[in-house]
Amino acid sequence: MSRKNLSTPDPELAPLLASLPPTKKSYAGNLAEARKGFETVFIEIARSVQRPDLPAETTYSTQDHAIPVDGGEITVRTYIPSAPEGTTFPVLVWTHGGGGGHRVLFLCCMADMRSLTISTTGFVFGTLEQDDYLLRIVSVELQLVIVAVDYRLAPEYTFPTALNDAYSALKWTVENVKTLKVDLSKGFLIGGQSAGANYPAAMAHRAKADPFFAHSPLTGQLLQIPVLLHPEAPVSEEDRAKLTSYAENAEAPLLNPGHMLESYELLKGSPSDPELSILLQPSFTNLPPAYFQVCGGDPLRDEGLLYAEKLKAAGVPTKVDVYPGAPHGFHLWFPRTELAKKYDQEFRAGIRWLLARSKDV
């Protein structure tokens, strides 16, 4: 079943995409240098857009915590709205994206546009800093505690290290609700973007079978442009017929199938592992409500839509917003476009939708 119509470039994005340098088919850059560029240029571009919306420092607090994990420790950063003593909040445990592919970072200076190209690959990039301003804003706006996880990256740490790190942070959150001013009955959400959305999807399945969460169940999952299926995973013929976006978006800007294959090679997870290829999970029942954001011009489009379809069929409350003609991560590179503003607004609305359903879980 083809959804090729969703790949046609959005009219507002089309001229912007046409102005970008050609997207490379392969990740061939020096990893250390590429990470340095990602952690400086990319983060500053994101912050330049978000800085005007930062809340007053008196309206929230943020703190880094070192938590033990298998083989070492990681950092989690917490964001807690300011409120009178005794006030409690819902919580979102957030895993950042991994850069997701060949990124074109642009700087607009009045009528002048300069571009800097940086090759990056999902699962191997990303820090707590990239979403820091966004999470400050969302925490205050939605009165939500957020726990951001600085999981360890491939290729230094291969699968399932990052997933296990995120799961440790999830349990740490439960163990520290009093300090974090959290009431899990008000909402216990997990979420992430791109490669970072793979982890909450996997954790939702892991947690439903874990006695640790018997009295503190997850109440929602937020999956933005999610990575959910290794392209070489052994799916059924019926499912394979619904997975056409890798072919239809083979020439996609920002992220193409070659980048994803190299991502998975660096991660070194088995294509048939259902904690990596989430669509291979044996059951989709008894999962928390799910909110998806899916881009029509993204090679990952169909795995997101197919997973949403499977959740709906299993009786899981599911909401999906689709952005026709938009490539993977377009909102990060063209944040001032109307479609990116819509994406950002619906991200917030998606969190509200999940919180409204938390009492039913």
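Colleague: What volume does the largest pocket have?

Modeller: Keep in mind that this is a predicted model. Here is the general idea: rolling a probe the size of a water molecule over the atoms shows where empty space is left. In this case, the largest pocket comes out at about 540 Å³. Its lining takes in 24 residues, and V49, Q50, H331, P335 and D344 are the closest to its centre.

Colleague: Which elements give two or more residues to that lining?

Modeller: They are α2 (31-50), α3 (132-142), α11 (330-333) and α12 (338-357). The biggest share comes from α12, which gives the most with seven residues.

Colleague: And how do the residues of that lining divide by class?

Modeller: You get 12 nonpolar, six polar and six charged residues around the largest pocket.

Colleague: Okay, on to closed space. How many cavities of 30 Å³ or more does the count come to?

Modeller: Two. Take the second largest cavity, which holds about 30 Å³ of space. W94, H96, T127, L128, D131, L135, A148 and V149 line this cavity. By class, that makes five nonpolar, two polar and one charged.

Colleague: Now the sheet. In what order do the eight strands come?

Modeller: Read across the open sheet, they go β1-β2-β6-β3-β7-β8-β9-β10, with mixed pairing. At the edges sit β1 (60-69) and β10, each of which pairs on one side only. On average, neighbouring strands of this sheet are turned by 15° against each other, direction ignored.

Colleague: Can we zoom in on a pair? Over how many bridges do β3 and β6 pair?

Modeller: Five: strand β3 (residues 91-95) and strand β6 (residues 145-150) pair in the parallel sense. To find the register in your viewer, look for L92, which stands opposite I146 in β6.

Colleague: What about β9, is it covered or open to solvent? Which of its residues are buried?

Modeller: For strand β9 (residues 290-295), six of its six residues are buried. Go face by face: A290, F292 and V294 are on one side, Y291, Q293 and C295 are on the other, and all are buried.

Colleague: Which strands does β9 pair with, starting with β8?

Modeller: Strand β8 (residues 220-224) pairs with β9 in the parallel sense over four bridges, and Q221 has A290 as its bridge partner in β9. Then there's strand β10 (residues 318-323), which runs parallel to β9 and is joined to it by six bridges. Within that pairing, the bridge partner of F292 is V320 in β10. To get from β9 to β10, the chain goes through helix α10 (residues 301-313), and this β-α-β crossover is right-handed.

Colleague: Let's do backbone oddities. Which residues does a cis peptide bond join, with omega about 0°?

Modeller: The general background first: most residues other than glycine have a negative phi, and most peptide bonds are trans. Here, a cis bond with omega of about 0° joins A154 and P155. P155 sits in the loop between β6 and α4 (161-175). Another cis peptide bond links F159 and P160, with omega about 5°, and P160 is in the loop between β6 and α4.

Colleague: And the phi side of things: where is Q143, and what is its phi?

Modeller: Q143 is in the loop between α3 and β6. Although it is not a glycine, its phi is positive, about 50°. As for solvent, Q143 is partly exposed because its relative accessible area is 34%, between the 20% and 50% cut-offs.

Colleague: L254 has a positive phi too. Is L254 buried or exposed?

Modeller: L254 is buried, because its relative accessible area is 0%, under the 20% cut-off. Its phi is near 75°, and you'll find L254 in the loop between α8 (245-248) and α9.

Colleague: One last residue: why does P282 count as exposed?

Modeller: P282 has a relative accessible area of 77%, which is over 50%, so it counts as exposed. This proline lies in the loop between α9 (257-267) and β9. For orientation, P282 and A197 are 85 residues apart in sequence and 19 Å apart in space, C-alpha to C-alpha.

Conventions. Residues are numbered from 1 along each chain as its sequence is written. This is a predicted model: local features need pLDDT of at least 70, side-chain atom pairs count only at pLDDT 80 or more; totals for chains, interfaces and linings use all residues. Side-chain values use heavy atoms; hydrogens and water are left out. On a 1 Å grid over the protein atoms alone, a cavity is a set of points where a 1.4 Å probe fits but cannot get out, and a pocket is an open set with protein on both sides within 12 Å along at least five of seven lines; lining residues have an atom within 4 Å of a point. Grid points are joined across faces, edges and corners, and a volume is the space filled by probe spheres set on the points. Ala, Val, Leu, Ile, Met, Phe, Trp, Tyr, Cys and Pro count as nonpolar, Asp, Glu, Lys and Arg as charged, and the others, Gly among them, as polar. Buried means under 20% relative accessible area, exposed over 50%, partly exposed in between (1.4 Å probe, protein chains only). Two strands pair if DSSP finds at least two bridges between them. A crossover is right-handed if, with the strands pointing away from the viewer, the path from the first strand over the helix to the second runs clockwise. Axes are lines fitted to C-alpha atoms, for helices over the stretch in contact, and angles run from 0 to 180 degrees between N-to-C directions.
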